[in-house]
Amino acid sequence: MTIINPNTTNQTLDNIRRALSDQGRHIIATHIRPDADAACSVTALIEALPEEADIRVLNLAEVSNTASRCGILFPTRATEYYPQEDDSSATLWVLDCSTWDRVAGTVGEYHRSVVIDHHPETDDDIIANDMVKDTKASSTGELILDMLISGMGEVNDLGVCAATRAIIGDTGNLTLPNVTSRTLYVLSWARSQLSDINWNAMQWNFRERSLEAMQAQAKAILNAHQLEDVAFVASSENVLPEARAGLANQLLDIPGVRFSFTVLPDSAGQPYWRCAVRCSPEVSGAAKDVASAFGGGGHACASGCSFSWSEYPTADAAAGAIIRNYWQSLADPE
Ligand SMILES: [Mn+2]
């Protein structure tokens with residue numbers, strides 16, 4: 001598991017691995033009025049549990065309706081949780097929920113509990129036997145997908161798709177600053193597993209943007225490269241203008257990245273690569289310097305330039321020129 005939170009010990013992960021293979025009873029709770037991350041994380045967890053497991057979900061209707069509104073099938077083998085049943089051998093899972101008062105319904109007896117969450121700590125924090133609580137994660141779905149990648153539970157298409165949808169929900173379709181390189185890593189993995197991520201599901205929160213633009217932007221980010229403090233997207237595929245906006249800015253949000261750029265074909269079909277170049281304030285001026293070196297210009301931290309296809313036949317060739325120029329300017333600040 002790539003989880004970096006030092007509180008997540010190997011013992012915790014071993015316990016969770018064992019819980020994930022338990023064929024007995026599981027109670028799953030998430031916060032009231034579940035969002036995409038909460039509802040789809042429940043689906044992903046259910047899919048990671050053994051076929052034989054007896055799965056009870058608090059407020060099943062609310063969670064399953066939300067999941068289906070997100071375009072995610074909710075597993076029919078889960079049933080509503082009622083606290084009067086004998087749950088003394090059950091594992092209680094609390095997903096995407098920081099405080100007890102957000103857990104809808106009363107939980108009765110249970111044997112052991114697991115929290116998987118990314119919310120900041122509160123005074124009324126849920127305490128469990130085993131906790132994967134990582135406030136650096138974009139979403140609970142990211143933590144669950146990270147577990148699946150490392151082989152902690154069953155992996156199937158629905159589970160991966162649900163975890164992906166959970167991440168898309170909490171990251172605003174990858175536009176929010178909570179996106180980290182781990183977010184991109186787990187999504188890249190998901191993309192390699194699924195021939196067809198349910199892209200339609202991504203439209204749920206973002207009706208104001210076209211599905212085509214969202215697909216283009218998400219795919220472009222998943223194809224981003226990172227070299228030390230540089231992140232970039234270089235593609236000969238045309239990306240819709242609507243999807244281009246902000247792409248280079250988002251790459252700057254990857255931890256450790258100080259310089260980012262995109263190399264894309266001219267949207268009007270002219271024989272040029274169009275480049276948006278960005279840098280963080282730490283290396284203020286680098287974006288403008290590099291863009292200027294190739295006949296472009298703009299602001300200190302946000303600039304642009306172009307390369308002709310005759311001189312730079314591929315997007316990668318143009319990207320290489322930008323990276324070399326940036327690294328040279330670091331080595332030789334004159
Ligand atoms: Mn969340």
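In this predicted model, helix α4 (residues 140–149) packs against helix α5 (residues 157–170) at an angle of about 145°, and their axes lie 7 Å apart. The crossing of α4 over α5 is left-handed. On the α4 side, the contact is made by Thr-140, Gly-141, Glu-142, Ile-144, Leu-145 and Leu-148. These residues meet Gly-159, Val-160, Ala-163, Ala-166 and Ile-167 of α5. By character, the residues of this contact comprise seven nonpolar, three polar and one charged.

The strand pairings considered here are listed below.

| Strands | Sense | Bridges |
|---|---|---|
| β4 (residues 91–95) and β5 | parallel | five bridges |
| β5 and β6 | parallel | four bridges |
| β8 (residues 230–234) and β9 | parallel | five bridges |
| β9 and β10 (residues 272–279) | antiparallel | seven bridges |

Strand β5 (residues 112–117) pairs with β4 and also with β6. Five of the six residues of β5 are buried, so this strand is largely enclosed by the rest of the structure. Within the pairing with β4, Val-115 of β5 is the bridge partner of Val-94. Towards β6, Asp-117 stands opposite Lys-133.

Strand β6 (residues 130–133) includes Asp-130. This residue has 21 C-beta neighbours inside 10 Å and therefore counts as buried, the threshold being 20 or more. Leaving aside residues up to four places away in sequence, Asp-130 touches Thr-12, Asn-15, Ile-16 and Val-114. Of these contacts, Val-114 is separated from Asp-130 by 16 residues in sequence, while the C-alpha atoms of the two are 4.8 Å apart in space. Val-114 falls within the residue range of β5, and β5 is joined to β6 by parallel bridges.

Strand β9 (residues 259–265) has six of its seven residues buried, so it too is largely enclosed by the rest of the structure. Its pairing with β8 is parallel, and there Phe-232 is placed opposite Phe-261 of β9. With β10, by contrast, β9 runs antiparallel, and Leu-264 has Arg-274 of β10 as its bridge partner. β9 and β10 together form a hairpin, with six residues between the two strands. In the turn of this hairpin, Gly-269 adopts a positive phi of about 90°.

For reading the side chains along these strands, one general point applies: in a regular strand, side chains alternate between the two faces of the sheet.

Terms used:
Residues numbered from 1 in each chain as written. Predicted model: local features only at pLDDT ≥ 70, side-chain atom pairs only at ≥ 80, totals over all residues. Buried ≥ 20, exposed ≤ 12 C-beta atoms within 10 Å, placed from the backbone. Pairing = 2+ DSSP bridges. Axes fitted to C-alpha atoms, helices over the stretch in contact; angles between N-to-C directions. Left-handed = near helix turned anticlockwise from the far one by under 90°. Contact = placed C-beta atoms within 7 Å. Nonpolar A, V, L, I, M, F, W, Y, C, P; charged D, E, K, R; others polar.
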